[in-house]
Amino acid sequence: HIPPFMIASITSSCNLHCTGCYSRANEACNDNEPVNQLSDEEWEDIFKQAKEIGISFIVLAGGEPMIRKDVILKASRYPEILFPIFTNGTLLDDDYFKLLDDNRNLVPILSIEGGEEVTDSRRGKGVYSQLIESMNLMNKKNIVFGASLTFTKENLATLLSRDYIDELHDLGCKVVFFIEYVPMNGQRIDLAPGDSERDLLFKEIDRLRNEYEDMLFMSFPGDEKTYD
């Protein structure tokens, strides 16, 4: 039995220092590209093997995967495979927009925390406005993209609200991933979702799926068992 999904962490480098990043806390993420990373040719061989055994979705993750444009170019050669790219969105430029426009199997999933204040407080000043500008541009070009929402006890109700989902819908967002916040230490364990938040999320995702038929909603952890 071959699971249809694969996650490929194509870099351990990132250009942001997000508050509460567990990858940096665990020293799994760095400012500079380590010397022991797989080459683009090695990643292409992995993509080729994945295609041969029947894998249909390969999530490109990091670090910040758009640092490895060489690997993303290799992924574009496999139109049979859908490549969601989980990205902070800050490296999107004209060249990337053209690449995404020409290769519709590459689907950027932009990380956003909610509104401007909460997003910039975690990811850095100006990140929110850059994300919204990129979303508007991709919407005009009919490029399929999604959003990755890190949910906590504090922001879950806002992220699930009709106003916020309507905003993402109007921006052209077609896929929404709800990613559970993982505290990097005991200092912010109060933000970690509990069973009541997870129950609320699963209930509300069913509602969202019924109300927004042109959008896809998924949660992690939670929905993996549906696709294994």
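Modeller: Accessible areas come from the Shrake-Rupley method with a 1.4 Å probe, and for residues only the protein chains shown count as cover. This is a predicted model, in which local features need pLDDT of at least 70, side-chain atom pairs count only at pLDDT 80 or more, and totals for chains, interfaces and linings use all residues. Residues are numbered from 1 along each chain as its sequence is written, and side-chain values use heavy atoms, with hydrogens and water left out.

Biologist: What area does the protein expose?

Modeller: Carbon and sulfur atoms supply 51% of the exposed area. The total that the protein exposes is about 11,600 Å².

Biologist: Which residues touch the most other members of the largest nonpolar core?

Modeller: A nonpolar core is a set of buried (under 20% relative accessible area, 1.4 Å probe, protein chains only) Ala, Val, Leu, Ile, Met, Phe, Trp, Tyr and Cys residues joined through side-chain atoms within 4.5 Å. The largest one holds 51 residues, and the members touching the most others are Leu60 and Phe178.

Biologist: Are helix 6 and helix 8 parallel, perpendicular or oblique to each other?

Modeller: Helices are DSSP runs (H or I, at least four residues), numbered from the N terminus. The axes, lines fitted to C-alpha atoms over the stretch in contact (heavy atoms within 4.5 Å), with angles from 0 to 180 degrees between N-to-C directions, come within 8 Å and cross at roughly 50°. Angles under 35 degrees count as roughly parallel, over 145 as roughly antiparallel, 65 to 115 as roughly perpendicular and the rest as oblique. The two helices are therefore oblique.

Conventions
Buried means under 20% relative accessible area, exposed over 50%, partly exposed in between (1.4 Å probe, protein chains only).
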